[in-house]
Amino acid sequence: MNKNEKIQLLRDSITTFPDFPKPGVMYRDIFGIFRNIAAVRAMKDLIVEHILFLEVDFIVGLDSRGFLFGPIICMELGKPFLPIRKKGKLPGKVFNRTFNLEYGEDTFEIQTEQIKQGSRVLIVDDLLATGGTMEAAIELVKAVGGEVIECLTIIELIGLKGREKLNVPVHSFIQYDS
């Protein structure tokens, strides 16, 4: 299966729910990929092909769906996985950032002792929409001394222009207008 066929398989596996969680929103449900083993394999292949030559020290996954992809990347690159979690979920000393979501506000935290000064970091999540979540993650990685090499997502809602908020390279496999 070539790259375009793999991307089409992922696109075909993503379920869209109109008017969820509120009227006018087209919710893209990535869990459809996980119900199709061929799509999971295609997703893994696409991720690995993309990241194989990135020089990174850490993979950072965002709460919670970034936790699905981070360990896959870690195993392939032989690099550690670190979580960015919602407020109150990580022990020890943490930095936090509050950010705006499409539907409200939230706070992310990262443990301060994990990333060494100058470490090269890949941030992964399932979706890039308005960019608030990813922007907060980038700020947290920088606050603990890391350098974000790239933000990697499976889906990007390009009509919401989240990429424009981020001053780092961004890669997504599937794009929707909204």
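Modeller: Let's start at Ser64, which sits in the loop between E3 and helix H4 (66-77). Keep in mind that this is a predicted model.

Biologist: Happy to start there. What makes the peptide bond that joins Asp63 and Ser64 a cis one?

Modeller: Its omega is about 0 degrees, and the bond between Asp63 and Ser64 is therefore cis. Most peptide bonds are trans.

Biologist: And which kind of peptide bond joins Phe20 and Pro21?

Modeller: A cis bond as well, with omega about 5 degrees. Pro21 lies in the loop between strand E1 (15-18) and strand E2 (26-29).

Biologist: What stands out about the phi of Asp19?

Modeller: Asp19 is in the loop between E1 and E2, and its phi is near 60 degrees, a positive value in a residue that is not glycine. Most residues other than glycine have a negative phi. Lys161, also not a glycine, has a positive phi of about 60 degrees; its place is the loop between E8 and strand E9 (170-176).

Biologist: Why does Lys161 count as partly exposed?

Modeller: Buried needs under 20% and exposed over 50%. Lys161 has 49% relative accessibility, so it counts as partly exposed.

Biologist: Now to helix H5 (residues 132-143): how do you know that its reach is close to what is expected?

Modeller: H5 has 12 residues, and the expected span takes 1.5 Å times one less than that number. This gives the expected 16 Å, and the helix reaches 16 Å from its first C-alpha to its last. After H5 comes Gly145, with a positive phi near 100 degrees.

Biologist: Which residues in H5 are buried, and what do they pack against?

Modeller: Among the buried ones are Met134, Ala137, Ile138, Leu140 and Val141. The buried residues of H5 pack against several strands, including strand E4 (81-86), strand E6 (104-111) and strand E8 (147-157).

Biologist: Which residues touch the most other members of the largest nonpolar core?

Modeller: Of its 29 residues, these are Ile33, Ile47, Ile59, Ile73, Leu122, Leu152 and Ile154. At least two residues each come from H1, H3, H4, E7, E8 and E9, with H3 giving the largest share, 6 residues. In soluble globular proteins, nonpolar side chains tend to be buried together.

Biologist: Leaving aside neighbours within four places in sequence, what is Ile154 in contact with?

Modeller: Its partners include Ile30, Ile33, Met43, Ile47 and Phe69, as well as Asp125 and Phe173. There is also a second, separate core of 24 residues, with Phe108, Val121, Val168 and Val170 among them.

Technical notes
Residues are numbered from 1 along each chain as its sequence is written. This is a predicted model: local features need pLDDT of at least 70, side-chain atom pairs count only at pLDDT 80 or more; totals for chains, interfaces and linings use all residues. Side-chain values use heavy atoms; hydrogens and water are left out. Helices (H or I, at least four residues) and strands (E, at least two) are DSSP runs, numbered from the N terminus. Buried means under 20% relative accessible area, exposed over 50%, partly exposed in between (1.4 Å probe, protein chains only). Contact means heavy atoms within 4.5 Å. A nonpolar core is a set of buried Ala, Val, Leu, Ile, Met, Phe, Trp, Tyr and Cys residues joined through side-chain atoms within 4.5 Å.
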